[in-house]
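Student: Hi! Could we look at a protein model together and work out how its parts fit?
Tutor: Gladly, let's have a look.

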Amino acid sequence: MSSPGNTSAWIALQEHSKQFQQADFRLSDLFTNSANRFTAFSLRHENLLLDFSKNYLTPETLRLLLDLADQQQLSSAIKAMYDGELINTTEQRAALHVALRQPAASSDHPEVEDTLAKMEAFVAKVHSGRWTGYSNKRITDIVNIGIGGSDLGPAMVTDALDAFAVPEVNLHFVSNVDPSQLDNTLAKLDPETTLFIVASKSFKTLETHQNAASARAWLMHKANDESATGKHFVAITSNLEAATKFGIDKNNLFPLWDWVGGRFSLWSAIGLPIALAVGMENFRQLLAGAHSMDQHFREAELAENMPVIMALLSVWYTGSFDSHSTAVVPYSQSLNLLPSFLQQLYMESLGKSSDLQGKPVSTNTGEVLWGTAGSNGQHSYFQLLHQGTQFIPVDFIAAATCQSKTKTEQQQHLLANCFSQSLALMEGKTEDSTEENSVEKDSVEANSTNAHKTIAGNKPSNTLLISELNPYNLGCLIALYEHKVYVQSVLWNINAFDQWGVELGKKLAEQVFAAMSEPGSTTDLDDSTLNLIKQARDWR
């Protein structure tokens with residue numbers, strides 16, 4: 001495998017893209033010229049429909065994109081992941097998050113089912129009231145302390161599945177080292193009935209360690225008994241020694257393995273807050289939905305493979321149309337945190353400038369991913385999508401049915417907005433169709449007004465429609481994006497599973513903290529950073 005820019009398919013795609021950049025090209029004409037375009041450019045897997053017909057795509061385009069996949073040995077790369085090969089080459093690790101949702105009967109990792117069984121027993125004790133705090137009161141509130149993959153995934157899923165929440169406990173998430181987040185959360189809680197989950201693979205992550213220590217101090221202020229830590233703290237970590245030293249009972253430790261990356265870890269014990277929020281049966285349904293997409297990704301032909309098609313389109317746009325960002329707009333308030341979760345998944349995985357051979361990449365890699373829930377976005381950034389100068393593909397996500405059986409008309413309005421936005425982005429609005437083109441107006445004034453109201457259109461989008469938002473379908477949707485990310489990394493010949501840029505920031509933070517704590521210390525920090533430290537110290 002080498003740089004995609006060296007392949008004959010890439011060169012052919014560059015030439016092929018010119019037909020979509022002609023002044024007379026209209027994306028909507030692709031529908032006019034093909035009576036069955038939707039059938040040709042849509043895929044369905046169980047309760048998930050992908051409509052990718054509103055893209056710069058013809059049968060020839062798809063053929064060339066699939067040629068690129070073949071020339072980058074994508075099928076072999078997919079097999080390598082499932083076979084547990086060390087595809088995280090810089091850390092010499094496998095990336096086997098798919099094993100976390102494999103049914104026990106066919107799993108090669110019995111430790112996964114052992115952990116699920118331990119999670120199930122723990123959830124049952126908490127929900128039944130058999131798990132009590134230091135004063136023998138049942139647990140009513142659970143605070144997950146983590147950051148990055150130990151926070152974004154569980155928080156997003158818990159929020160998305162709020163309709164399935166059990167009444168026994170309330171979930172809270174704390175991630176930021178800014179003390180106000182923890183303080184504001186704890187202000188509403190009672191130490192006697194609060195349980196903390198410390199989620200940290202290394203048990204050394206600065207933000208998590210600081211928040212966990214503050215939470216323990218809050219508990220001790222009321223309990224005044226060190227042994228209370230064992231009743232109010234559990235941990236998800238691979239550093240068992242550090243967790244027990246913190247005061248967490250060894251029986252209350254849940255394992256993580258080095259073949260599970262943080263941003264792919266919500267399926268592991270990191271998903272414990274999800275299981276507590278919606279019940280273990282619903283958590284297993286989440287796993288089952290993800291496994292269903294795993295099977296599709298592994299077995300479907302590339303031309304009929306949802307993650308592959310979505311990844312090929314992203315590579316097509318970044319490589320041939322200089323696209324630098326993608327908007328993800330879920331038309332569901334329950335999925336409001338999905339774009340934030342996908343930001344880490346995408347940008348930590350694909351923000352790489354060196355290829356697998358350690359050479360500088362020769363093509364665009366990665367993309368800025370952003371978005372919010374629709375229809376709020378229509379009254380915010382959609383103006384830029386419609387009339388801005390940047391080329392920004394959009395993923396629309398919607399559920400066909402509403403959680404509320406009494407609000408079907410509102411759901412219909414929501415879907416109408418979703419479908420009409422993808423239509424408007426494609427069709428636009430020309431000068432000839434503007435109402436201001438009136439003979440009663442001065443021609444100069446009319447032309448000026450029309451120019452401002454002209455909307456170019458020709459903006460591509462995907463629409464992902466699910467039958468309803470439930471644990472199974474959500475698992476399927478998340479796994480779809482996970483696999484899309486991996487395919488993009490293969491096509492670009494980069495490593496999706498390391499994050500050395502993140503590690504650099506952590507190390508520099510330690511150096512800056514030392515300079516802030518010891519005013520007279522010698523340091524090689526730059527003049528800007530030193531003066532910012534000085535000003536902050538003066539104001540404190």
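Student: What share of the 540 residues in the protein chain is buried?
Tutor: Keep in mind that this is a predicted model. A residue is called buried when its relative accessible area is under 20%. Counted that way, the buried share of the 540 residues is 52%.

Student: How compact is the protein chain for its length?
Tutor: The protein chain has 21 helices and 11 strands. Its radius of gyration is 26 Å, and the globule rule gives 24 Å for 540 residues. The two values are close, so the protein chain is as compact as a globular protein of that length.

Student: What share of the contacts with a separation of 6 or more joins residues 24 or more positions apart?
Tutor: Think of the fold as a trace that spans about 80 × 60 × 55 Å along its principal axes. Among contacts in the protein chain with a separation of 6 or more, those between residues 24 or more positions apart account for 76%.

Student: I see an open sheet of five strands; what is the order of the strands?
Tutor: Strands of a sheet pair through backbone hydrogen bonds, either parallel or antiparallel. In this open sheet the pairing is parallel. Walking across the five strands gives the order E4-E3-E5-E6-E7.

Student: Which are the edge strands?
Tutor: Look for strands that pair on one side only. That description fits two strands of this sheet, E4 and E7.

Student: How many bridges join E3 to E5?
Tutor: E3 covers residues 141-145, and E5 covers residues 194-199. Two of the facing pairs are Val143 with Phe196 and Asn144 with Ile197. The strands run parallel, and the number of bridges joining them is five.

Student: Which residues of E3 point the other way from Asp141, Val143 and Ile145?
Tutor: In a regular strand the side chains alternate between the two faces of the sheet. In E3, Asp141, Val143 and Ile145 share one direction, and the residues on either side are all buried. Pointing the other way are Ile142 and Asn144.

Student: Which residue in E4 does Ile142 stand opposite?
Tutor: E3 and E4 (residues 170-174) pair in the parallel sense over five bridges. Within this pairing, Ile142 stands opposite Leu171.

Student: Through which helix does the chain cross from E3 to E4?
Tutor: This connection is a β-α-β crossover, and it is right-handed. The helix on the path covers residues 152-160, and its name is H7.

Student: At about how many degrees to E4 does H8 run?
Tutor: Helix H8 covers residues 179-186 and lies across E3, E4 and E5. Its angle to E4 is about 165 degrees.

Student: Which residue in E7 is the bridge partner of Ala235?
Tutor: Ala235 belongs to E6 and points one way together with Phe233 and Thr237. E6 and E7 run parallel, joined by three bridges, and with helix H11 they make a right-handed β-α-β unit. The bridge partner of Ala235 in E7 is Leu253.

Student: One last spot: is Ser292 buried or exposed?
Tutor: Ser292 sits in helix H13 (residues 280-299). Leaving aside neighbours within four places in sequence, Ser292 is in contact with His45, Glu46 and Tyr472. Its relative accessible area is 9%, and the cut-off is under 20%. Therefore Ser292 is buried.

Methods. Residues are numbered from 1 along each chain as its sequence is written. This is a predicted model: local features need pLDDT of at least 70, side-chain atom pairs count only at pLDDT 80 or more; totals for chains, interfaces and linings use all residues. Side-chain values use heavy atoms; hydrogens and water are left out. Buried means under 20% relative accessible area, exposed over 50%, partly exposed in between (1.4 Å probe, protein chains only). Helices (H or I, at least four residues) and strands (E, at least two) are DSSP runs, numbered from the N terminus. Two strands pair if DSSP finds at least two bridges between them. A crossover is right-handed if, with the strands pointing away from the viewer, the path from the first strand over the helix to the second runs clockwise. The radius of gyration is taken over C-alpha atoms; the globule rule is 2.2 Å times the number of residues to the power 0.38. Contact means heavy atoms within 4.5 Å. Axes are lines fitted to C-alpha atoms, for helices over the stretch in contact, and angles run from 0 to 180 degrees between N-to-C directions.
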